[in-house]
Amino acid sequence: MATTWQDPEAVDLMLDECETWAVVGLSGDTSRTAYSIASLLQQHGKRIVPVHPDAPTVLGEQGYARLADIPFPVDVVDVFRRSEAAGQFADEAVQIGARGVWFQLGVVDEAAFGRTTAAGVAMVMDTCPAIEWRKR
């Protein structure tokens, strides 16, 4: 199953065609992986949108407490939460019309993957944009 979780077409869609990435769990803590990956996304020309209960401004971008609070279209919802908490964000991504959902390295929720892809939204799990860009 893991290979379908990292379908090259879904990875390419998100890395190549999607511009606005909502990063769930992103705060101003520079020691956290979410911060370094958000910075990397910016270096690759992506617009990042911090999604965190405190709604901080991070890397120059205004944060929002919830995905539903973002007042513009989001292409990808990138989730930095434990597997048991991640599924709700996949469901919310579908609700806001995102084109893709990305669960970071170590984050796996098979049921969320099934729901998301059944809704026609591309999804990648258990990998990281940094890893996927290095493969190119």
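Modeller: From the N terminus on, the elements of this chain run α-α-β-α-β-β-α-β-α-β-α. The model is a predicted one. The radius of gyration is 13 Å, close to the 14 Å that the globule rule gives for 136 residues, so the chain is as compact as a globular protein of that length.

Colleague: How many helices and strands does the chain have, and what box do its C-alpha atoms fill?

Modeller: There are six helices and five strands. Taken along the principal axes, the C-alpha atoms fill a box of roughly 35 × 30 × 25 Å.

Colleague: What share of the residues counts as buried, and how much accessible surface does the chain have?

Modeller: Of the 136 residues, 48% count as buried. The accessible surface comes to about 6500 Å², and carbon and sulfur atoms account for 48% of that surface. Contacts add a further view of the fold: among those with a separation of 6 or more, 58% join residues 24 or more positions apart.

Colleague: I should like to turn to empty space. How is a pocket to be read, and what volume does the largest pocket have?

Modeller: The general idea is that rolling a probe the size of a water molecule over the atoms shows where empty space is left. In this structure, the largest pocket has a volume of about 350 Å³. Its lining consists of 18 residues, and those closest to the centre are Gly25, Arg32, Ala34, Phe80 and Arg81.

Colleague: Which element gives the most to that lining, and how do the lining residues divide by character?

Modeller: Helix 3, residues 33-43, gives the most, with three residues. By character, the lining holds eight nonpolar, six polar and four charged residues.

Colleague: Let us move to single positions. Is Val101 buried or exposed, and which residues does Val101 touch?

Modeller: The idea is to read an accessibility value together with the contacts. Val101 belongs to strand 4, residues 100-103. With a relative accessible area of 0%, Val101 is buried, because buried means under 20%. Leaving aside residues up to four places away in sequence, Val101 touches Met14, Val77, Ala90, Ala93, Thr116, Val121, Ala122, Met123 and Val124. One of these contacts can also be read as a distance: Val101 and Ala122 are 21 residues apart along the chain, and their C-alpha atoms are separated by 6.4 Å.

Colleague: Met14 appears among those contacts. Which residues of helix 2 are buried, and against which elements do they pack?

Modeller: Helix 2 spans residues 8-17, and its buried residues are Ala10, Val11, Leu13, Met14 and Leu15. These pack against strand 1 (20-24), strand 3 (76-79), strand 4, strand 5 (122-124) and helix 6 (129-134).

Colleague: Helix 6 also contains Glu132. Is Glu132 buried or exposed, and what does Glu132 touch?

Modeller: Glu132 is buried, at a relative accessible area of 8%. Beyond residues up to four places away in sequence, Glu132 touches Val11, Leu15, Trp102 and Thr127. Val11 and Leu15 are among the buried residues of helix 2.

Colleague: And Val24 in strand 1: which residues does Val24 touch?

Modeller: Val24 counts as buried at 3% relative accessibility. With residues up to four places away in sequence left out, Val24 touches Val51, Leu67, Val77, Asp78, Val79, Phe80, Arg81 and Phe89. Phe80 and Arg81 are also among the residues closest to the centre of the largest pocket.

Colleague: Where does Ala98 lie, and which residues does Ala98 touch?

Modeller: Ala98 is in the loop between helix 4 (83-96) and strand 4. Although it is a loop residue, Ala98 counts as buried at 6% relative accessibility. Residues up to four places away in sequence aside, Ala98 touches Val74, Asp75, Val77, Ala93 and Val121. Ala98 and Val74 are 24 residues apart along the chain, with a C-alpha separation of 5.4 Å.

Colleague: Finally, the backbone. How should the sign of phi be read, and what phi do Ala55 and Leu59 have?

Modeller: As a general matter, most residues other than glycine have a negative phi. Ala55 is not a glycine, yet its phi is positive, about 50°. Leu59, likewise not a glycine, has a positive phi of about 50°. Ala55 lies in the loop between strand 2 (47-51) and strand 3, and Leu59 is placed in the loop between strand 2 and strand 3. Ala55 is partly exposed at 25% relative accessibility, and Leu59 is partly exposed at 26%.

Note on methods: Residues are numbered from 1 along each chain as its sequence is written. This is a predicted model: local features need pLDDT of at least 70, side-chain atom pairs count only at pLDDT 80 or more; totals for chains, interfaces and linings use all residues. Side-chain values use heavy atoms; hydrogens and water are left out. On a 1 Å grid over the protein atoms alone, a cavity is a set of points where a 1.4 Å probe fits but cannot get out, and a pocket is an open set with protein on both sides within 12 Å along at least five of seven lines; lining residues have an atom within 4 Å of a point. Grid points are joined across faces, edges and corners, and a volume is the space filled by probe spheres set on the points. Helices (H or I, at least four residues) and strands (E, at least two) are DSSP runs, numbered from the N terminus. Ala, Val, Leu, Ile, Met, Phe, Trp, Tyr, Cys and Pro count as nonpolar, Asp, Glu, Lys and Arg as charged, and the others, Gly among them, as polar. The radius of gyration is taken over C-alpha atoms; the globule rule is 2.2 Å times the number of residues to the power 0.38. Buried means under 20% relative accessible area, exposed over 50%, partly exposed in between (1.4 Å probe, protein chains only). Contact means heavy atoms within 4.5 Å. Accessible areas come from the Shrake-Rupley method with a 1.4 Å probe; for residues, only the protein chains shown count as cover.
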